[in-house]
Amino acid sequence: MSRTALLVTHTGRRRSTEHARAVAADLIAAGFEVRVVAEEADDLDLPGVVPVTGLKAAEGAEIVFALGGDGTFLRAAELARPAKVPLIGINLGKVGFLAEAEIDDLDSAVRDVVGRNYTVDERLTLDVTAEFDGGPTIESWALNEISVEKGERAQMLELLVDVDGRPLSRYGCDGVVCATPTGSTAYAFSGGGPVVWPEVEALLLVPISAHALFSRPLVTAPTSTFAITVDPFTTLAVLSCDGRRVYDLPPGARVTVRRGALPVRVVRLRDRPFTDRLVAKFDLPVHGWRGNRR
C-alpha cells in the first residue's frame with residue numbers, strides 16, 4: 001500500500017527549498033507519494049511530486065512535514081488539522097519553538113518517519129466566533145492564540161471581558177490575547193503571560209498594555225469560555241488568529257473564544273522534557289550570571 005506525505009515549506013528562502021527537495025527525494029525513494037502545495041511546486045522543481053490545493057490537501061496522508069520556522073508550521077497546521085493528520089516541524093528558521101527537529105537532525109527525522117518511529121501528541125486549539133450588527137458572523141480557529149487588538153495606533157481600545165458568562169473586567173488597552181498552552185511561549189509570553197507546559201489543559205487570558213488596576217494574566221479551565229465585547233463607542237478593532245487569519249471588527253462586536261473542537265496532532269520523535277526545549281530555545285542561563293559558586 002502506498003504511503004503519502006504532504007510537504008509544506010518556505011519557498012521564499014533558497015535554503016529551505018533545497019532541504020525540501022532533499023526530503024521529498026528521500027521520501028519518494030522510500031516509497032512515499034509526496035504531495036506539495038501547488039503554489040510551491042514550481043519553486044521546488046522536483047519530478048515525482050503531486051501538486052495539491054485547498055484545505056483538503058492533507059486528506060488521506062500519513063504525515064505532514066513543515067520545513068521552515070513557526071510561521072510555516074502554523075500554515076501547515078491549517079492543512080493537517082481538518083484531515084486529522086500528524087504534523088512534524090523541522091526548524092529552518094530562527095527560534096522554531098513549534099518544531100520537533102533542527103536542521104542537523106533532518107536526515108534522522110526522515111528515517112524515523114519512514115520507520116514509523118514516532119509518537120503523536122494532541123495539542124489543544126481555540127475556536128472563535130465574532131458577531132456584529134450589519135456583518136456576517138466570523139468563525140475561525142487558532143493553535144497559538146486569538147487576539148483582539150486596536151485597529152488604530154493612536155487610540156486605546158475599550159473592551160469588556162466575560163469569563164464563563166460572568167463579567168470579569170473592562171479594560172482600556174492595546175488588546176487582549178487568548179492563548180493555548182502551545183501558544184503560551186508566543187504572543188502571550190511577550191505580553192507578560194506565564195509559560196504553560198503543553199501537557200497542561202488550560203486557557204490563557206492576557207491583557208496587553210491595559211490601563212487598569214487589575215490586568216494580570218489569567219489561567220482558566222480548558223472548559224472556560226471567553227467573551228470579549230468591543231465597546232460601541234470605542235475605535236475599530238482587529239481579530240487575529242495565529243497572526244494568519246485577520247478580520248476587522250467594528251465597535252460593538254462580540255468575540256467568543258472556547259476550546260477548539262479539533263486538536264492539532266503533533267509528531268514527537270524523542271521523549272524530550274519540555275524544560276530542555278525551553279532552555280534551548282530561549283537560551284536560558286541555567287548556571288546563572290553569577291556562575292556556580294560551589
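**View 1. Strand S7 gives the most to the lining of the largest pocket, with four residues.** This is a predicted model, in which local features need pLDDT of at least 70 and side-chain atom pairs count only at pLDDT 80 or more, while totals for chains, interfaces and linings use all residues. Residues are numbered from 1 along each chain as its sequence is written, and side-chain values use heavy atoms, with hydrogens and water left out. The space in the largest pocket comes to about 370 Å³. Its lining has 21 residues, and Asp-121, Arg-123, Pro-198, Glu-199 and Arg-268 are the closest to the pocket centre. Strand S7 (119–123) and helix H6 (274–282) are the elements that give two or more residues to this lining. By class, the lining of the largest pocket holds eleven charged, nine nonpolar and one polar residues. Both domain 1 (3–123 + 263–282) and domain 2 (126–259) give residues to this lining, so the largest pocket lies between them.

Terms for the views: on a 1 Å grid over the protein atoms alone, a pocket is an open set of points with protein on both sides within 12 Å along at least five of seven lines; a cavity is a set where a 1.4 Å probe fits but cannot get out; lining residues have an atom within 4 Å of a point. Points are joined across faces, edges and corners, and volume is the space filled by probe spheres set on them. Helices (H or I, at least four residues) and strands (E, at least two) are DSSP runs, numbered from the N terminus. Ala, Val, Leu, Ile, Met, Phe, Trp, Tyr, Cys and Pro count as nonpolar; Asp, Glu, Lys and Arg as charged; the others, Gly among them, as polar.

**View 2. The second largest pocket holds about 240 Å³ of space.** Sixteen residues form its lining; Glu-100, Ala-101, Glu-102, Asp-105 and Arg-272 lie nearest the pocket centre. At least two lining residues come from each of strand S6 (101–102), helix H4 (106–114) and H6. Helix H6 gives the most, with three residues. In this second lining, nine residues are charged, five nonpolar and two polar.

**View 3. Domain 1 (3–123 + 263–282) meets domain 2 (126–259).** These bounds come from an automatic or database domain assignment. The C-alpha centres of domain 1 and domain 2 are 29 Å apart. At the interface, 15 residues of domain 1 are in contact (heavy atoms within 4.5 Å) with 14 residues of domain 2. Between them the two domains bury about 1,400 Å², and carbon and sulfur atoms give 69% of that area. On the domain 1 side, Leu-74, Arg-123 and Phe-274 supply 39% of the area buried against domain 2, more than any other three residues. Buried area is the accessible area (1.4 Å probe) that two parts lose on being put together, summed over both. Three salt bridges are found across the interface of domain 1 and domain 2.

**View 4. The largest cavity holds about 100 Å³ of space.** It has 15 lining residues, with Phe-97, Leu-98, Arg-123, Thr-182 and Arg-268 closest to the cavity centre. Strand S20 (264–268) and helix H6 each supply at least two of the lining residues. Nine lining residues are nonpolar, three polar and three charged. Domain 1 and domain 2 both give residues to the lining, so the largest cavity lies between them. Arg-123 and Arg-268 are among the residues closest to the centre of the largest pocket and of the largest cavity.

**View 5. The second largest cavity holds about 30 Å³ of space.** A search of the whole structure finds two cavities of 30 Å³ or more. Here the lining is made of Ala-66, Gly-68, Gly-69, Asp-70, Phe-73, Gly-89, Ile-90 and Ala-99. Strand S4 (63–68), helix H3 (70–83) and strand S5 (87–91) each supply at least two of these residues. Four of the residues are nonpolar, three polar and one charged.

**View 6. Lys-150 and Asp-174 join in a salt bridge through their side chains, at 3.1 Å from N to O.** Lys-150 lies in strand S10 (residues 145–150), and Asp-174 in the loop between strand S12 (166–173) and strand S13 (175–179), so the pair ties together parts that are 24 residues apart in sequence. A salt bridge puts a side-chain nitrogen of Lys or Arg within 4 Å of a carboxyl oxygen of Asp or Glu. The whole structure has 17 salt bridges. Asp-127 and Arg-81 form a salt bridge too, with 3.3 Å from N to O.
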